[in-house]
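Reader: I'd like a close look at one part of this model, the place where the two chains meet. Could you walk me through it and tie it to the rest of the fold?

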Amino acid sequence: MSKHGEHGAPLTETQLRVRALESLLVDKGLVDPAALDALIDTYENKVGPRNGAKVVARAWVDPAYKKWLLEDATLAIAEFGFVGRQGEEIVALENTPQIHNLVVCTLCSCYPWPVLGLPPVWYKAAPYRSRAVIDPRGLLKELGMPLAESVEVRVWDSTAEVRYLVLPERPAGTEGWNEERLAAIVTRDAMIGVAKVAPPAADRP
Amino acid sequence: MNGVHDMGGMHGLGAVEIEKNEPVFHDEWEARTFALTLASGYLGKWNLDMSRFAREQMPGPEYLATSYYEHWLYGLCKLLVDQGLVTAKELESGRREAKASEARVLRATDVPAVLRSRIAARVEDDVPAKFRPGDRVVARNIHPTGHTRLPRYARGRRGVIERDHGVFVFPDTNAIGLGKKPQHVYSVRFTARELWGPQASPRDSVFVDLWDDHLEPA
């Protein structure tokens, strides 16, 4: 096995440890490397926040779907075929001009994989996990989203096997847009509750 | 356990930095660690709660100084050795002493179906609920040295049952071999002022998912 990575730099201790562990587990017959490739390919290329964006866009254009999503998100999301690992139980939370929902997992990294994919580093890291529950307003302000004092903030700590998906507010200026066009502007961060979906620029067609 | 993983409400851990166009994995070792953890979990020797507990047992200073997938790597190595799939000597040397006799190895062709299947945290057992939506409760002031999903910041605090999610396995026992102990899980609403005092906004709340055994009537 090469002791150097693809760019010629020496491998770090962690890189070497993981390579050694994989080769040991394959050698012992515990792990099939092709299965590892398939697992990685799934979350790098197939499952990600584009899934959640489709759900949000549907809820924005179809009031009956939105009602279903808010009543039974697991089933309403399964309608798209988005099911499985870390999405066994999903609850959707509607953001409105009066109520802002924000999702965190203070104890580890719980996140709705089938609709958002694997969580970004900041979601799993200490600064967000520590601060979201005690200072959501300060945190949102720093992230460029100051909230008026009159808005109610609801923070959801994912301590069980229930996963939360924020249904962001539909921005003004998107009247008449179809689902596909709407889905393209929905961001991962808006579905966690740390951003709003930006209204389209005025000069856009 | 009162570990550093239980971070809710701590100060001084730095600024939140959102990376633009962040890749799913930042290096190949992260991707391999992720996949090795899922594939090893498929061998059926441990449950999800045991996985979380294994990561929590990384010594605190090390946990804070390392990245997310290093926590996963620590947890995976611990489980492999603790559950007898790999010996400490094999892990150290990287050379196998004996071939494993596990029949249940994850194959690439099974991956789509496995990822689409549900891990049975919800159970159909007919367990009566101790509380109903609207009930006032207090989170128990407990400090178990094992695994718990009751975060420190909520212990001893008063809240209201917002919603009954149904009956689920109890991680606090399931993580340490004491059984599934199925019981209701509720979304419990704590006002920000109950948790953080008068500096918090009177409008805000934190919702925590808690089990019957975490709660007492208030």
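**Where chain A meets chain B**

Author: Let's start with how chain B is laid out, since that helps with the rest. The domain assignment splits chain B into domain 1 (28–116) and domain 2 (136–217). Bear in mind that this is a predicted model. The C-alpha centres of those two domains sit 29 Å apart, and the contact between them involves six residues of domain 1 of chain B and five residues of domain 2 of chain B. On the domain 1 side, that patch has two nonpolar, one polar and three charged residues.

Now for the part you asked about. Between the chains, 65 residues of chain A are in contact with 66 residues of chain B. On the chain A side, the elements that give two or more residues are helices H1 (13–27), H2 (33–46), H7 (121–124), H8 (126–134) and H9 (136–142), plus strand E3 (152–157). H1(A) gives the most, with eleven residues. Sorted by class, the chain A side comes to 34 nonpolar, eleven polar and 20 charged residues.

The strand on that list is a good place to zoom in. E3(A) pairs with strand E4 (residues 205–211) of chain B, in the parallel sense and over four bridges. If you want a spot to look at, find A:Asp157, which stands opposite B:Val208 in E4(B).

That pairing belongs to an open sheet of seven strands, ordered E2(A)-E3(A)-E4(B)-E3(B)-E2(B)-E1(B)-E5(B), with mixed pairing. Its edge strands are E2 (99–104) of chain A and E5 (215–217) of chain B, each of which pairs on one side only. From one strand to the next, the twist averages 35°. Over at the chain B end, strand E1 (residues 136–139) of chain B and E5(B) pair in the antiparallel sense over three bridges; there, B:Val137 has B:Pro217 in E5(B) as its bridge partner.

Back at the chain A end, one helix is worth picking out. H8(A) lies across E2 and E3 of chain A together with E4 of chain B, and runs at about 145° to E2(A).

Next, the nonpolar packing. In soluble globular proteins, nonpolar side chains tend to be buried together. The largest nonpolar core here has 114 residues, and the ones touching the most other members are A:Leu39, A:Val56, A:Val155, A:Leu165, B:Ala35, B:Ala39 and B:Leu210. Take B:Ala39: setting aside its neighbours within four places in sequence, B:Ala39 is in contact with A:Val31, A:Ala35, A:Leu36, A:Leu39 and B:Leu106.

Finally, here's how each chain looks as a whole. Chain A has eleven helices and four strands, and its C-alpha trace spans about 60 × 40 × 35 Å along the principal axes. Of its 205 residues, 48% count as buried. Chain B has eight helices and five strands, which run α-α-α-α-α-α-β-β-α-β-α-β-β from the N terminus on. The C-alpha trace of chain B spans about 60 × 45 × 35 Å along its principal axes, and 39% of its 218 residues count as buried. As for contacts with a separation of 6 or more, residues 24 or more positions apart account for 70% of them in chain A and 65% in chain B.

Technical notes: Residues are numbered from 1 along each chain as its sequence is written. Chains are lettered from A and ligands numbered from 1 in the order in which they are written. This is a predicted model: local features need pLDDT of at least 70, side-chain atom pairs count only at pLDDT 80 or more; totals for chains, interfaces and linings use all residues. Domain bounds come from an automatic or database domain assignment. Two residues are in contact if their C-beta atoms, placed from the backbone, lie within 7 Å. Ala, Val, Leu, Ile, Met, Phe, Trp, Tyr, Cys and Pro count as nonpolar, Asp, Glu, Lys and Arg as charged, and the others, Gly among them, as polar. Two strands pair if DSSP finds at least two bridges between them. A residue is buried if 20 or more other C-beta atoms lie within 10 Å of its own, exposed if 12 or fewer, and partly exposed in between; C-beta atoms are placed from the backbone. A nonpolar core is a set of buried Ala, Val, Leu, Ile, Met, Phe, Trp, Tyr and Cys residues joined through C-beta atoms within 7 Å. Axes are lines fitted to C-alpha atoms, for helices over the stretch in contact, and angles run from 0 to 180 degrees between N-to-C directions.
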